[in-house]
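Grab a pencil and work through these exercises with the model open beside you. Try each task before you read its solution.

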Amino acid sequence: MRTFFQKMHGLGNDFVIVDERATSFDLTPRRIAGLADRRRGIGCDQFVTLSAPEDSKASVFVRFFNPDGSEAGACGNASRCVASLIGQELHTDSLTFETQNGLLEARILSRDEMKGTVVTVDMGRPRTDWQAVPLAKAVDTLRLPLAGEPAALSMGNPHATFFVTDLSEAERGPALEIDPLFPDRANIGFARIDAPDRMRLRVWERGAGFTLACGSGACAAVVNAVRRGLGERRMTVEVDGGEMVIAWDADDHVLMTGPAQLAFEGTVDLEAYPK
Ligand SMILES: N[C@@H](CCC[C@H](N)C(=O)O)C(=O)O
C-alpha cells in the first residue's frame, strides 16, 4: 500500500508531511530516519505528522521529527507550512493547531502560487529558566559557561545563541549540540548583528545539522539579542535560505513571519523502510 505525502519548505528548510488523521501509520524513529534520508529515502530536514487534535480549539495535532528520528517540541518553518496547508483545506486564514509545546495560532497573510504563502505563527512565550531549556545545572541562561558565552532559552525546543562577528564560528555547532551542559542536546545558533533591526543567522540544528533556515532558532536569536541589549524587539533575520521577520511582542509572545511553499506531492511504500 502506498501512502500519500506532501513535501513543503520554508526558506529551504524542508519537510515531508504525512496525514495520520484518518489512518495512523507505523512511523517508528528508525522508519522516519529512513524516509528522511536524502539518498535512500524522500529526504527532508524534518518529518511532520498530522493527527487528530486533543484540544477542541485546534484543527490538527502536529508532531515534528528530526532526520535522526528524534522528536522536537517545536519547528517554526514547519509550523508555517502546516498552517498554509490546513488553512487551504479549511478555507480559513486564521487557525489554531496543537503541538507538544501547546496550542499555536497562525494567520495567513497572503497566498501566491509562485512565491508561496506568507504566514505569521505565534510561537508562544520563550522560557529562559535553566530547567526549561533544559540545562544540566543551575547557571545564568543569559551567559552560559561555555567559550563565547551564548544565551540559552526554550521555544518549546532547546536553543543556544552565540553572538559573533565571524559566522565561520558556526563550525563549532556539531560539538556544542552534544555538550554535557545540554542534557537533551540543543540547537546552536550563530548570530551576527548587522543593525539593531537586522541579523544574519546560521543554525546547527539538533538531530539535523546545518539547515537553510531554522524558524525557532530565529525566534530564539531575536529574544536572546533583546535580552543581551543587542537588538530591537522586531528584527529581520537573514538565514541561508532567505529572510523572516521576528517580533517579540509586549505580551511576551514571539511572532514569526515568513514564507511556506509546497514543493511536490507523492506516494511512498512505508513498508519498504525498516521499523
Ligand atoms: N527547523 C526547525 C527546528 C526543528 C527542530 C530542531 N532541530 C530540534 O530538534 O529542536 C525550525 O524551523 O524551527
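**Exercise 1. Find L11 in the chain and describe its backbone and its surroundings.**

Solution. Step one is the location: L11 sits in the loop between β1 and β2 (13-19). Keep in mind that you're looking at a predicted model. Step two is the backbone angle: the phi of L11 is positive, about 55°, although this residue is not a glycine. Step three is burial. The cut-off for "buried" is 20 or more other C-beta atoms within 10 Å. L11 has 27 of them within 10 Å, so it is buried.

**Exercise 2. Do the same for R185, then decide: buried or partly exposed?**

Solution. Start with the place: R185 belongs to the loop between α3 (173-177) and β11 (187-195). Next, the angle: its phi is near 65°, which is again a positive value in a residue other than glycine. Now count neighbours. R185 has 18 C-beta neighbours inside 10 Å, so it counts as partly exposed.

**Exercise 3. Which residues does H9 touch, leaving aside its neighbours within four places in sequence?**

Solution. First, locate H9: you'll find it in strand β1 (residues 3-10). Then check its burial: there are 23 other C-beta atoms within 10 Å, so H9 is buried. Now list the contacts, which are D14, F15, Q261 and A263. For one last step, look at S24: it is 15 residues away from H9 in sequence, and the two C-alpha atoms are 23 Å apart in space.

**Exercise 4. Where is the cis peptide bond?**

Solution. Look at the pair V133 and P134: a cis peptide bond joins them, with omega at about -5°. To place this on the chain, note that P134 lies in the loop between β8 (116-122) and β9 (151-154).

**Exercise 5. Work out whether α2 is enclosed or not, and check its span.**

Solution. Take the span first. α2 has 15 residues, and from its first C-alpha to its last it reaches 21 Å, close to the 21 Å expected at 1.5 Å a residue. Then go through the helix for buried residues: they are G76, N77, A78, S79, R80, C81, V82, A83, S84, L85, I86 and G87. That makes twelve of the 15 residues buried, so α2 is largely enclosed by the rest of the structure. Finally, step just past the helix: H91 takes a positive phi of about 55° there.

**Exercise 6. What covers the buried residues of α1?**

Solution. Begin with the buried residues themselves: in helix α1 (residues 29-36) they are R31, I32, A33, L35 and A36. The cover over them includes β2, β3 (46-51), β4 (61-65) and β16 (254-268).

**Exercise 7. Describe how the two domains meet.**

Solution. The domain assignment splits the protein chain into domain 1 (3-123 + 259-272) and domain 2 (151-252). Their centres, taken over C-alpha atoms, are 22 Å apart. In the contact, 21 residues come from domain 1 and 18 residues from domain 2. On the domain 1 side, α2 brings the largest share, four residues. Sort that side by class and you get six nonpolar, twelve polar and three charged residues.

**Exercise 8. Why does the ligand lie between the domains?**

Solution. Look at who supplies the shell around the ligand. Domain 1 and domain 2 both give residues to it, so the ligand lies between them. Of the 20 residues around the ligand, those that come nearest are A72, N77, N157, G215 and S216. As for the helices, α2 (76-90) and α4 (215-227) each supply at least two residues of the shell, and α4 gives the most, with three residues. By class, the shell has five nonpolar, twelve polar and three charged residues.

**Exercise 9. Which residues have the most contacts inside the largest nonpolar core?**

Solution. This core has 78 residues, and the ones with the most contacts inside it are V16, I17, V82, A218, C219, V222 and V237. Helix α4 gives the most to this core, with seven residues. At least three residues come from each of domain 1 and domain 2. Now zoom in on V16: leaving out residues up to four places away in sequence, V16 touches F5, K7, L35, A36, I42, C44, F47 and V48.

How values were computed:
Residues are numbered from 1 along each chain as its sequence is written. This is a predicted model: local features need pLDDT of at least 70, side-chain atom pairs count only at pLDDT 80 or more; totals for chains, interfaces and linings use all residues. A residue is near a molecule or strand if its C-beta atom, placed from the backbone, lies within 6 Å of it. Ala, Val, Leu, Ile, Met, Phe, Trp, Tyr, Cys and Pro count as nonpolar, Asp, Glu, Lys and Arg as charged, and the others, Gly among them, as polar. Domain bounds come from an automatic or database domain assignment. Two residues are in contact if their C-beta atoms, placed from the backbone, lie within 7 Å. A nonpolar core is a set of buried Ala, Val, Leu, Ile, Met, Phe, Trp, Tyr and Cys residues joined through C-beta atoms within 7 Å. The expected span of a helix is 1.5 Å times one less than its number of residues.
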